[in-house]
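Trainee: I would like to learn how to read strand pairing, helix packing and burial from a model. Could we go through them one at a time?

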Amino acid sequence: MRVLAAMSGGVDSAVAAARAVDAGHDVTGVHLALSRSPDAERNGARGCCTVEDARDARRAADVLGIPFYVWDLADRFETDVIADFVAAYAAGETPNPCVRCNERIKFSAVLGRALALGFDAVVTGHHARLSADGVLSRSVDAAKDQSYVLGTLRPEQLRRAMFPLGDSTKAQVRAEAAARGLGVADKPDSHDICFIPSGDTGAWLRDRLGARPGPVVDAATGETLGAHDGAFAFTVGQRRGLRLGRPASDGRPRYVLDISPVTSTVTVGPAEALDVWGLVADAGVWAAPDGVDVECLAQVRAHGGAVPALARAHGGELAIELRAAVRGTAAGQAVVLYDGDRVLGGGHILRTLAGRAAA
């Protein structure tokens, strides 16, 4: 089979490509140039998309003896991921750019181009398992599992994907890379948002959106407690960096409960006010017919725990009743639903519901 290996410059994608070669596939490596100014990105591995990453990917391809190319997708990435990220924050949402990148870049733009060029599948270094018939499941390494950021991919995309690392732990992947003589064996994992080199999301958004000052308001009393330069710098569930003038009367910490982009108001209150018992999401990927109740597990963060839930589809939306409350959940996040380790589907949260059995 002729396959395209997406090589980020990290250890996972290098070993995934190597395993595809070992499996007898005709493998071509490709590095995705996603930054318009890669020289400005930080070195090391706090982010990705750097010149250093491209060089590491090329060196790994040389060790494996496979053809290697760089595809410039910076404009597509700017439109489909970065602009979407900015628009979501401006609307008071909390997006996950890694989910969007998988949806719109790696398994849309890249997969589409690969198929047009005659490739049969795209290989990536994601830690997730994929059966022969395209069923996605969690990795055996729970700490590194990435099924959540892949959980909104459509069945036709998964049928053209290969995730060779799903049955291995990260320690095993690093040991294999060292044994193969891959220079990235000890390279640290990437962290943070790859297109925000400073790691300061609030400052980065302020540069894009400009200052939008507004009040910080107490949810219980309506009293103005402080001010801010832009509601986009806050996320639901945030505790630190609120810069309030005085502590709460009961001495307990306050958290961001709500963000109103129209009035640029940030509302704060106690932790228990963050409890969410229901979610409504777009039915991005869901096979069950409308009105059919499905017992499942719901996960709303890449590394968060999954809670028991009941999901049903209706009119293009998923209503999800949570059996246990989750905190700090907001519109824009992805929700992925599981049957044990198997991914059932999911979508992007449209709104949250506070009351029990509200979904």
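Trainee: How many bridges join S10 to strand S11, and in which sense do the two strands run?

Mentor: Keep in mind from the outset that this is a predicted model. A ladder between two strands is read from its bridges and its direction, and here five bridges join S10 to strand S11 (residues 265-269), with the two running antiparallel. One position to look at is Tyr255, which stands opposite Gly269 in S11.

Trainee: Which sheet do these strands belong to, and which strands stand at its edges?

Mentor: The order of the strands is what to establish here, and in this case four strands form an open sheet in the order S9-S8-S11-S10, with mixed pairing. Strand S9 (224-228) and strand S10 (255-260) stand at the edges with a single partner strand each, so one side of each has no neighbour in the sheet. From one strand to the next, the twist averages 25°.

Trainee: In what order do the five strands of the other open sheet come, and what is their pairing?

Mentor: That open sheet has the order S3-S2-S1-S4-S7, and its pairing is parallel. The edges are taken by strand S3 (68-72) and strand S7 (161-162), each of which has a single partner strand, so that one side of each is left without a neighbour in the sheet. Helix H2 (residues 51-64) packs on this sheet, where it touches S2 and S3, and its direction makes about 150° with that of S3. As for the ladder at that edge, strand S2 (residues 26-33) and S3 run parallel and are joined by five bridges, and the partner of Ala33 in S3 is Asp72.

Trainee: At what angle do helix H3 and helix H4 pack, and how far apart are their axes?

Mentor: A helix pair is described by an angle, an axis separation and a handedness. Helix H3 (residues 74-90) packs against helix H4 (residues 97-116) at an angle of about 160°, and their axes are 10 Å apart. Angles over 145 degrees count as roughly antiparallel, and H3 and H4 are therefore roughly antiparallel to each other. The crossing in which H3 passes H4 is right-handed. On the H3 side the contact includes Phe77, Val81 and Phe85, and on the H4 side it includes Cys101, Ile105 and Ala109. By class, the residues of the contact of H3 with H4 divide into seven nonpolar, one polar and five charged.

Trainee: What is the packing angle of helix H1 and helix H7?

Mentor: Helix H1 (residues 11-22) and helix H7 (residues 170-179) pack at about 70°, with a distance of 10 Å between their axes. That angle makes H1 roughly perpendicular to H7, and H1 passes H7 in a left-handed crossing. Val11, Asp12, Val15 and Arg19 in H1 meet Lys170, Val173, Arg174, Glu176 and Ala177 in H7. The residues of this contact of H1 with H7 comprise four nonpolar, no polar and five charged.

Trainee: Does Gly10 count as buried or exposed?

Mentor: Burial is judged from relative accessibility. Gly10 has a value of 19%, and because buried means under 20%, Gly10 counts as buried. Its place is in the loop between strand S1 (2-6) and H1, and, not counting residues up to four places away in sequence, Gly10 touches Val184 and Lys187.

Trainee: In which strand does Leu337 lie, and is Leu337 buried or exposed?

Mentor: Leu337 lies in strand S16 (residues 334-339) and is buried, with a relative accessible area of 0%. Leaving aside neighbours within four places in sequence, its contacts include Trp286, Cys296, Ala311, Leu318 and Ile320. The C-alpha atoms of Leu337 and Cys296 are 6.3 Å apart, although 41 residues separate the two along the chain.

Trainee: What are the bridge partners of Ala281 and Ala311 in S15?

Mentor: Ala281 has Leu318 as its bridge partner in S15, whereas Ala311 has Ile320. Strand S12 (residues 276-282) pairs with strand S15 (residues 317-326) in the antiparallel sense over six bridges, and six bridges also join strand S14 (residues 307-314) to S15, again antiparallel. In the hairpin of S14 and S15, which has two residues between the strands, Gly315 takes a positive phi near 60°.

How values were computed: Residues are numbered from 1 along each chain as its sequence is written. This is a predicted model: local features need pLDDT of at least 70, side-chain atom pairs count only at pLDDT 80 or more; totals for chains, interfaces and linings use all residues. Side-chain values use heavy atoms; hydrogens and water are left out. Axes are lines fitted to C-alpha atoms, for helices over the stretch in contact, and angles run from 0 to 180 degrees between N-to-C directions. Angles under 35 degrees count as roughly parallel, over 145 as roughly antiparallel, 65 to 115 as roughly perpendicular and the rest as oblique. A crossing is left-handed if the near helix is turned anticlockwise from the far one by less than a right angle, and right-handed if clockwise. Contact means heavy atoms within 4.5 Å. Ala, Val, Leu, Ile, Met, Phe, Trp, Tyr, Cys and Pro count as nonpolar, Asp, Glu, Lys and Arg as charged, and the others, Gly among them, as polar. Two strands pair if DSSP finds at least two bridges between them. Buried means under 20% relative accessible area, exposed over 50%, partly exposed in between (1.4 Å probe, protein chains only).
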